[in-house]
Amino acid sequence: MLDPKLIRGDLQAVSEQLKKRGVVLDVVRLNTLEEQRKALQVKTQDLQNERNIRSKAVGQAKAAGKNVDDILKEVKDLGDSLKATEEQFEKVQAELNEYLALIPNLTHESVPVGKSEEDNQVVRSWGTPKKFHFTPKDHVDLGAQHNWMDFSTGVKLSQARFVVLRGPLAKLNRALAQFMLDMHTELHGYQEICVPFIVNSDSLFGTGQLPKAKEDLFSLMGDNELYLIPTAEVPVTNTIRDEILESDQLPMKYVCYSPCFRKEAGSYGKDTRGMIRQHQFEKVELVQIVRPEDSYQALENLTMHAEAVLQKLELPYRVMVLCTGDIGFTSAKTYDLEVWLPGQDRYREISSCSNMEAFQARRMAARWRNPATGKPELVHTLNGSALAIGRTMVAILENYQDEDGRIHIPKALQPYMNGVEVI
RNA sequence: GGAGAGAUGGCUGAGCGGUUUAAAGCGGCGGUCUUGAAAACCGUUGAGCUCGCAAGGGCUCCGGGGGUUCGAAUCCCUCUCUCUCCGCCA
């Protein structure tokens, strides 16, 4: 959510900024609603004040043993008009909030302006794509050879975009999670956290998945409105919802392993082959809660922590800065890490690291007490995948294959595979 | 799943229809005293919204939502959560 004061104070500037994202604000409607809000709020509060004063007079008159019939009649009419005004005010307020909740974050000035994925820019590259003296297979063919990666059973158990992993690949999946968690806790100073994989709508509103991306969430049947998490970002970031943190608690750095569930509603026909786009996948997520002045340095650090995983696994990748047209709803600046996939002969996204600034914090009422002012102020929140485990497995299969279709295990990962060097 | 009890500021806890503008204690912060500290004493200490150039006003919040009333922390309905006991259970 953007600062309502900013929208009120300089709607034109906000509107210009959002145009870079391809979002057109209904300036006239917003102005109209805001004028109505102001008038109705003032009127409501005046009437409430009046009611409070009169009601108190009733009490005093009664205590003094006077007759209160006249005052009572007077205040009753006041109550009626108050109720009507309050209803109007709440209606306008709700309409305004509904609109505000759908406005995306403003992008940082360093974010390149662009329309689509095509306009994202390469920031840096690491490693060189390996030359194979044979035609490399893709992960689907490699995974199928011993029935280690089984999509048809996934369909039988659930539906399309689910997979069953067996034997060495199931173990590789577990090893990767363990390896990443150890790296971030031991080398990068994150605290491991284990959270619910089912969350309520308040949490999803807090991190910005609701109301806008509701169609991409799996919801649970039952009386309560509950959803499967699309990312650990939701429960982990929401741990500080409605909190006022002391300054010595910052920065908070959490690493969390979790499954993620996404309907992929907008991706019909995209990546239908293989493990790239599944309804359920696992991920190790980094979340940082920081002071506002530290958030852009934190974004650089967090991105490097994600990169470190790829470097340890010796997987070639490049860092992209997403342009204004491709960046996510809640983000002010995002770096995507793209890993080289020989089977597809191109780079594919394996991590996304973002600074949300105060966008989520405002939705969550997540604050810290600034010692300089003594007042509660909004924190900045960041998160990034480090990494998506399914896609990392895909990258290892395709990059570490030999002519026989065997997979060599990256050195750093061997201790997590009981010393096995090849599968 | 069944029965009962409860939810009040950072914490403990009073209030159960009208000087509550939420008592009191603890904690926090500032001060006096002290070489320094402790103790004691004094003062101070919630959040959000809003009007205003400012000074300074006003409104809302006692788990969430709704209702009764001129007036609700207090009465009613409902949901959520916590605790105790019973049942079931990885």
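Student: Which residue in β14 is the bridge partner of Arg-369?

Tutor: The model is a predicted one. Strands β13 and β14 run antiparallel and are joined by three bridges. In β14, the residue that partners Arg-369 is Pro-376.

Student: In what order do the strands of the three-stranded open sheet stand?

Tutor: The pairing in this sheet is mixed. Its edge strands are β7 (244–245) and β14 (376–378), each of which pairs on one side only. With those two at the edges, the order is β7-β13-β14.

Student: How far is a polar side-chain atom of Arg-369 from a phosphate oxygen of RNA strand B?

Tutor: Arg-369 has a bridge partner in β14, namely Pro-376. A polar side-chain atom of Arg-369 also faces a phosphate oxygen of RNA strand B, and the distance between them is 3.4 Å.

Student: Which elements give two or more residues to the surface near RNA strand B?

Tutor: Arg-369 has a polar side-chain atom 3.4 Å from a phosphate oxygen of RNA strand B. Strand β13 (367–369) is among the elements with two or more residues at this surface. The full set is α1 (4–9), α3, α4 and β13.

Student: Which element gives the most to the surface near RNA strand B?

Tutor: In total, 24 residues surround RNA strand B, and the closest are Arg-8, Gln-48, Ser-55, Lys-62 and Val-75. One element contributes 13 residues to this surface, the most of any, and that element is α3.

Student: How many residues of the surface near RNA strand B are charged?

Tutor: The surface near RNA strand B holds six nonpolar and eight polar residues. One residue with a polar side-chain atom facing a phosphate oxygen of the strand is Lys-38, at 3.5 Å. The number of charged residues at the surface is 10.

Student: What share of the atoms of RNA strand B within 4 Å of the protein belongs to sugar or phosphate?

Tutor: Bases do take part: a base nitrogen of RNA strand B is 2.7 Å from a polar backbone atom of Ser-55. Of the strand's atoms within 4 Å of the protein, those not in bases belong to sugar or phosphate, and their share is 73%.

Student: Are α3 and α4 roughly parallel or roughly antiparallel?

Tutor: Helix α3 (residues 27–63) and helix α4 (residues 69–100) pack with their axes 8 Å apart and at an angle of about 150 degrees. An angle over 145 degrees counts as roughly antiparallel. Therefore α3 and α4 are roughly antiparallel.

Student: How many residues of the contact of α3 with α4 are nonpolar?

Tutor: The two helices cross in the left-handed sense. Their contact includes nine polar and 10 charged residues. The nonpolar residues of the contact number 15.

Student: Which strands stand at the edges of the eight-stranded open sheet?

Tutor: The order of this mixed sheet is β1-β10-β11-β12-β15-β9-β8-β4. An edge strand has a single partner, so one side of it is left without a neighbour in the sheet. The strands in that position are β1 (121–126) and β4 (191–192).

Student: Which residue in β8 stands opposite Gln-191?

Tutor: Strand β8 (residues 252–261) pairs with β4 in the parallel sense over two bridges. Opposite Gln-191, the residue in β8 is Tyr-254.

Student: Where does Pro-251 lie, and what is omega for the peptide bond from Leu-250 to Pro-251?

Tutor: Most peptide bonds are trans. The bond from Leu-250 to Pro-251 is cis. Pro-251 lies in the loop between β7 and β8, and omega is near -5 degrees.

Student: Which strand holds Leu-387?

Tutor: The peptide bond from Ala-386 to Leu-387 is cis, with omega near 0 degrees. Leu-387 lies in a strand that spans residues 380–388, which is β15.

Student: What is the phi of Asp-242?

Tutor: Most residues other than glycine have a negative phi. Asp-242, in the loop between α9 (233–237) and β7, is not a glycine, yet its phi is positive, at about 60 degrees.

Student: Is α7 oblique or roughly perpendicular to α10?

Tutor: The axes of helix α7 (residues 167–186) and helix α10 (residues 295–312) come within 11 Å and cross at roughly 130 degrees. Therefore α7 is, relative to α10, oblique.

How values were computed: Residues are numbered from 1 along each chain as its sequence is written. Chains are lettered from A and ligands numbered from 1 in the order in which they are written. This is a predicted model: local features need pLDDT of at least 70, side-chain atom pairs count only at pLDDT 80 or more; totals for chains, interfaces and linings use all residues. Side-chain values use heavy atoms; hydrogens and water are left out. Axes are lines fitted to C-alpha atoms, for helices over the stretch in contact, and angles run from 0 to 180 degrees between N-to-C directions. Helices (H or I, at least four residues) and strands (E, at least two) are DSSP runs, numbered from the N terminus. Angles under 35 degrees count as roughly parallel, over 145 as roughly antiparallel, 65 to 115 as roughly perpendicular and the rest as oblique. A crossing is left-handed if the near helix is turned anticlockwise from the far one by less than a right angle, and right-handed if clockwise. Ala, Val, Leu, Ile, Met, Phe, Trp, Tyr, Cys and Pro count as nonpolar, Asp, Glu, Lys and Arg as charged, and the others, Gly among them, as polar. A residue is near a molecule or strand if one of its heavy atoms lies within 4 Å of it. A polar contact is a pair of N or O atoms within 3.5 Å; within protein, one must be able to donate a hydrogen and the other to accept it, and residues adjacent in sequence count only if both atoms are side-chain atoms. Two strands pair if DSSP finds at least two bridges between them.
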